[in-house]
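User: I am new to reading protein models, and I would like a close look at one part of this one. Please go slowly and explain the terms as they come up.

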Amino acid sequence: MTESDDRLAERLATAAGAILLALRAEGLEGKALGQAGDEAANAMLCRELRAARPDDAILSEEEKDSAARLAYRRVWIIDPLDGTREYGEGRDDWAVHVALAVDGVASVGAVALPGLGVTLTSGAPMPLQPANQPLRMLVSRTRPAAEAVFVAERIGAELLAMGSAGAKAMAVVRGEADIYLHTGGQYEWDNCAPVAVAQAAGLHVSRVDGSAIRYNCADTYLPDLLICRKELAKEVLDLAAEYSPAS
């Protein structure tokens, strides 16, 4: 029986995480570790995807992009190591992303959190936990977005600083936080897998203007992202629209 797309994504994300943990255990640190990890995880993921899905295209952060992928309905979008800084520092808030976009929609996703020993997938969604009281909102460890700080102040949410995009998105899926509002710019590989997993879990996912997120675009840049509990989406979107630098 052919392995399902969901199972393939989960297996490969988990396997890449194991490679990254093994590399870190060898004693490399910092940028050297990050570069070695990116290269090793990417090589395995691309090799296995080409073997398992030879008729699909691949978009990876670590591979030279090709416009040829635009002619494909099915495109695997991968980030072999999301949160290189956190990985190199020996932290746990980094991730591996393996996603499949079909006709521009994030349809399948797996996000491995190797430091925590878990892989979250669109194929086996986690049940949502009750909302936190007070609400908790995720921001970058190094550059919290002013819009997110503005929204958090208006709704009385606590700020929770965390590393990679995948770790932050999965913190909402896991119930550790309620809102992930990002306006600092990302690329398709930064959020395709997290978006697929979050959608499957029943969370709201959109651009900050409320529009749907599209993948396998000629320009892979994605300016903003909102992942949150559905009951919070309208208020967060309305507040984000109100924000101005003078707020």
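How many bridges join E8 to strand E12 (residues 225-228), and do the two strands run parallel or antiparallel?

Analyst: E8 is joined to strand E12 by 4 bridges, and the two run antiparallel. Before going further, please keep in mind that this is a predicted model, in which local features need pLDDT of at least 70 and side-chain atom pairs count only at pLDDT 80 or more, while totals for chains, interfaces and linings use all residues. Residues are numbered from 1 along each chain as its sequence is written, and side-chain values use heavy atoms, with hydrogens and water left out.

The names come from DSSP runs, numbered from the N terminus, with at least four residues for a helix (H or I) and at least two for a strand (E). Strands E8 and E12 belong to an open sheet of 5 strands in the order E7-E6-E8-E12-E10, and its pairing is mixed; two strands pair if DSSP finds at least two bridges between them. Strand E7 (158-162) and strand E10 (204-206) stand at the edges with a single partner strand each, so each has one side without a neighbour in the sheet. On average, neighbouring strands here are turned by 20° against each other, direction ignored, where the axes are lines fitted to C-alpha atoms and angles run from 0 to 180 degrees between N-to-C directions.

It helps to follow one row of residues across several strands. Strand E6 (residues 136-140) runs parallel to E7 and is joined to that strand by 5 bridges, and Leu 138 has Leu 160 as its bridge partner in E7. E6 also runs parallel to E8, with 2 bridges between them, and here the partner of Leu 138 is Tyr 180. Tyr 180 in turn stands opposite Ile 227 in E12, which carries the row on to the antiparallel pair that you asked about.

Strand E8 (residues 179-182) deserves a longer look, with buried meaning under 20% relative accessible area, exposed over 50%, and partly exposed in between (1.4 Å probe, protein chains only). Ile 179 and Leu 181 point one way from E8, whereas Tyr 180 and His 182 point the other way, and all are buried. In a regular strand the side chains alternate between the two faces of the sheet.

Where does helix H7 (residues 233-242) come into this picture, and what do its buried residues pack against? They pack against helix H4 (146-155) and also against E8, E10 and E12, with contact taken as heavy atoms within 4.5 Å. The buried residues of H7 are Ala 233, Val 236, Leu 237, Leu 239 and Ala 240. They lie on the same side of H7, because they cover an arc of only 165° around the axis, the arc being that of the directions from the helix axis to the C-beta atoms. The face of H7 turned away from that buried side carries Lys 234, Ala 241 and Glu 242, which are exposed.

Finally, a word on cross-links: a search of the whole structure finds 0 disulfides, a disulfide being a pair of cysteine sulfur atoms within 2.5 Å. Cys 192 is in no disulfide, and the nearest cysteine sulfur, that of Cys 217, is 10 Å away. Cys 217 is likewise in no disulfide. Cys 192 counts as buried because its relative accessibility is 0%, whereas Cys 217, with a relative accessible area of 28%, is partly exposed.
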